[in-house]
Amino acid sequence: MVDFLAENNLCGQAVLRIVSRGNAIIAELLRLSDFIPTVFRLKDKSDQQKYGDIICDFSYFKGPEYYEGKLEAKPELQDLDEEFRENNIEILSRFYLAFESVHKYIVDLNRYLDDLHEGVYIQQTLETVLLNEDGKQLLCEALYLYGVMLLVIDQKIEGEVRERMLVSYYRYSAARSSGDSNLDDICKLLRSTGFSSQPGAKRPANYPESYFQRVPISTTFISMVIGRLRSDDIYNQVSAYPLPEHRSTALANQAAMLYVCLFFYPSILQTQQAKMREIVDKYFPDNWVISIYMGITVNLIEAWEPYKAAKTALNYTLDAANIKEQASRYAASMESLRPQVQQLLKEGFLREEIILDNIPKLLNCLRDCNVAIRWLMLHSAESAYDPNNKRLRQIKDQVLNDSKYNPKTLFQLLLDTAQFEFTLKEMFKQMLSEKQIKWENYKKEGSERMMELAEVFSGVKPLTRVEKNENLQAWFREISKQIESLNYEDSTAAGRKTVQLIQALIEVQEFHQLESNLQVCQFLADTRKFLHHMIRTINIKEEVLITMQIVGDLSYAWQIIDSFTSIMQESIRVNPSMVTKLRATFLKLASALDLPLLRINQANSADLLSVSQFYSGELVAYVRKVLQIIPESMFTSLAKIIKLQIHDIMEVPTRLDKDKLKDYSQLAARYEVDPKQLLEDGIRKELVKRVAYALHKGLIFNPKAKPSELMPKLKEMAATMDGFYRSFEYIQDYVSIYGLKIWQEEVSRIINYNVEQECNSFLRTKIQDWQSVHQSTHIPIPKFPSVDESATFIGRLCREILRITDPKVTCYIDQMNTWYDLKSHQEVTNKRLFSEIQNTLGTFGLNGLDRLLCFMIVRELQNFLTMLQKSILKDKALVEVFKTVLAAVNPVQGIVANASKVYTSAVAKSQKIWGPYLEAIMKVGQMQILRQQIANELNFSLLCFLSLLADIEAHYQDPSLPYPKEENTLLYEITAYLEAAGIHNPLSKIYITTKRLPYFPIINLMFIIAQLPKLQYNKNQGMTCKKATDPVDWPPLVLGLLTLLKQFHSRYTQHFLALLGQFIRSVMEQCTSQKIPEMPSDVVGALMFLEDYVKYTKLSRKVVEAHVPSFIFDEFRTIL
């Protein structure tokens, strides 16, 4: 019969593909469980209030019209719903595909069973497949994996969360419109079961059997699978564990499969006492905590509590006397095994001849160690016992007491066993690879010795006192031929023949009285020794390695190993060379990967890479977690250095304990990651953790503090960062890393990530952590809970700067780059603030602030336009005023008759809108001033791009000179680089896209006229505020209005300037006719605006002189 797993066996390949896919689905579910968007849990009140109306569970399907109607009634809810869709549709689609694959899995398995039943696979039925060894394993695994999927989903992705995600996907995706969508079936399968993985949560009735029965599966198939699992040793594991007391360990994987599959046939658990007794006697006579898949542990006492037959059968195992017997047995094992393994691990003890002579003993020692570790780890695991269950607590206490449980001792045995196993495996692999060469060498040596002896007895070869003996000569020649004829390929016959040859050599020595000749005796002894070596070498079989692999399985500890992390870290802290032993433990743990990957590999599935990457990634993450203690210890020493760096005036010649670091560098324990890289990543992780925490704690401001805490906190923070920086510089040579490169990369990553998170609040489509280019799984940047409206320290810093430079309470003097308090006239801050930020956060910090200010300006301008469109231009009375003014000022080239009355009355009628208008304009202006200051600071510290810019400039001055080549990648990124270097003008930036707005120039003219009476001209300070109670700060006003105009077509600006010129001409004309000698203050203000407009925009004076005659400017200059 064709091999069941052969490529041309369609029946075998079909079920193999199903099982392979099952393992891949579980890996995907476990991977996704770490990426559930927290908002779907609706745990926070803020989330409930914000998203309560747009995130629904399956109650949505009872009346979708009602829910959708609620959304349509509120435009802001619709907007939020759309934003939520954009942010989550990608992850929802991924979850939906995983859920769909679970449903598809069971549909495909049912179809395969139907095909078997209907005879689609020639000569194959369910019975014949179950008779085949591979077929039996695969069918049992197929049902078991489906059960595991359902349990994993319920444990990792709560029912309510699943429902909300499925409803959201249904609402947001196009899938519901397609006819072939099986969304309904998926929803039926995965609706909430009421189960909660929280400790103390009550178990729902008929759980999980009712959940397992949501998709019907053939009862014949289920009962036959359970029958096979009950009676057969389907993986032939018992041969690896010959001792009867190890049987439950040998069948542990099968027991886990049976545990899951029994939920598909709950009547056995409920009522069939004989079967349950048989199951417990065979699989659970001495254990009640099992691992069902990749370390997911289950306590049978709790799991079988609702089932009468199962509970009764298990009570024999849980008898106090039995628990005591098992626990005491393993306590005694621990006592005897530890010194035994330590003896075996002594340097030079495990030699080739000792291994070859003692293979059974060494394997028995390995078995005993692994069985003891398994039982004690599982039965003492915290996660296996619900602390709220009194009976479980009592049993756990009894286990801990009777087994004299000490986690450090158990961990030490695990370390020693892993090291012993690793050493033995490596030596055995080496021996196996050299087996044939050595065997042939021994054969050659033995044969040659016999030929030499034959020659000795021929009388030709001179050897003292040996007489010629033709019989012995012929006999030794024959023996030489016999040795030569031994065949390596036929190891059994060769072994038997070798034993006979050894016996013959012993006999020849006795019968022919050859003992008297020492040299002949030596030859015979050497030959016997070589023949003995041949027997031992031929017995080096791969079966031993396979047994070691089976016995050394540690997959059950995939999750509970985490409870030993603190012990591992403490042992590394005390003795850094411990990492070499840990290496063997991690490699032992890595063998757990064989379980899910075996079938995927056999099926040549494309999932192999992603599944192996997921589990290896999990393991590497755990290795990193354990070894993180090394950089942590380093940074503890570093903290002392930093203290000295900051607080001691003299620079202390700081050194880190060099010997200690040498010990730490024993990370030469090679794992699949480069150890040097692992150490560097660990150092980066610790650096990120500490710097991020320092920035978070150091930049929290009290808004009520007088004076502001900003400068003192920045100085303190700069000292801390400088201490980190200098100390890092010191240690880089001791650990052989590029300390300053790491410093630059990680600090920039922290700042950029925080800026990105802060800017998320301004974005419709948020950048999630898993999408961020700055976030990393190996070196994560910690997120801290927000302490105010800002999400991060960069937001707090930005808002504190905006608070202390608020135009309502300060006055900015442009020539001095300084802000003064409006009431006390004391200096609030100046450009040194930005130098201090540069010292503290570097150019990344300044760039981050600049980027954040851009987002704030965009938000402010958008809000302003909304106000303009929805409040001002919808107000009929105001529009009427604008129409009247527009009629009065036409044509713009002319002069407005009775100017002061026309303008004053229009401003008075529209008075109510100028307050919010002024506030928005000044906010934008304030932020633009800050952006200019940041650009100046960045520009000042600039030392790059000058050559590229020089090339571009030279080309424009003399086009015959070449333009920089297109392959120069800098050219495409130059805008970003120029902004980073401060070589840009924030005032010329377009922040938002705008549409045409009616009356826009006239509104801005009236706005500026409305503000002029509040200002006065001062020869030393320029335009200043008249009353501190009615504050208007001139530079933010000018820059804000300038920025606003820049967002629109240039014709609006031209029109506005023409209207302002007309205002100046008309008022001056009225003054001349009324013979008022002095230039009115409003005209001075308007002319100052034009002067500043030319200064800030760097345009030619002709632009304003086109609207205002030069003689007016000449007269204006006499006032200045």
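No disulfides are found in the predicted model, a disulfide being defined as a pair of cysteine sulfur atoms within 2.5 Å. Such a link is a covalent bond between the sulfur atoms of two cysteines. For C140, the closest cysteine sulfur is that of C261, and the distance of 6.8 Å is too far for a bond. C140 is buried, with a relative accessibility of 0%, where buried denotes a relative accessible area under 20%, exposed one over 50%, and partly exposed a value in between (1.4 Å probe, protein chains only). C56 is likewise buried, at a relative accessible area of 6%.

The structure is a predicted model, in which local features require pLDDT of at least 70 and side-chain atom pairs pLDDT 80 or more, while totals for chains, interfaces and linings use all residues. Residues are numbered from 1 along each chain as its sequence is written, and side-chain values use heavy atoms, with hydrogens and water left out.

The protein comprises 47 helices and seven strands; these are DSSP runs numbered from the N terminus, with helices (H or I) of at least four residues and strands (E) of at least two. Of its 1120 residues, 52% are buried. The accessible surface amounts to about 52600 Å², and carbon and sulfur atoms contribute 52% of that area, as computed by the Shrake-Rupley method with a 1.4 Å probe, only the protein chains shown counting as cover for residues. Among contacts (heavy atoms within 4.5 Å) with a separation of 6 or more, 77% join residues 24 or more positions apart.

Helix α37 (residues 876-889) has 14 residues and an expected span of 20 Å at 1.5 Å a residue, in agreement with the 20 Å between its end C-alpha atoms; the expected span is 1.5 Å times one less than the number of residues. Its buried residues are L878, V879, V881, F882, V885 and V889. They lie on the same side of α37 because they cover an arc of only 155° around the axis, the arc being that of the directions from the helix axis to the C-beta atoms. An α-helix has 3.6 residues a turn, so residues three or four places apart point the same way. The face turned away from the buried side of α37 carries the exposed residues K876, A877 and A887. The packing partners of the buried residues are α36 (832-872), α38 (899-909), α42 (1000-1011) and α44 (1050-1073). At the N-terminal end of α37, D875 acts as a cap, with a side-chain oxygen 3.1 Å from the backbone nitrogen of A877.

V889, a residue of α37, is buried at a relative accessible area of 1%. Beyond its neighbours within four places in sequence, V889 is in contact with V896, Y903, I1002, L1059 and Q1062. V889 and Y903 are separated by 14 residues in sequence and by 9.8 Å between C-alpha atoms.

For helix α22 (residues 470-485), the 16 residues should span 22 Å at 1.5 Å a residue, and the end C-alpha atoms are 22 Å apart, which agrees. L472, Q473, F476, I479, S480 and I483 are the buried residues of α22. These residues fall within an arc of 125° seen down the axis of α22, so they line one face of the helix. On the other side of α22, the residues E470, N471 and K481 are exposed.

In the loop between α20 (390-402) and α21 (407-456) lies S403, which is buried at 5% relative accessibility. Neighbours within four places in sequence aside, S403 is in contact with A327, A331 and L376.

Note on methods:
Polar contact = N/O pair within 3.5 Å; in protein donor to acceptor, adjacent residues only side chain to side chain.
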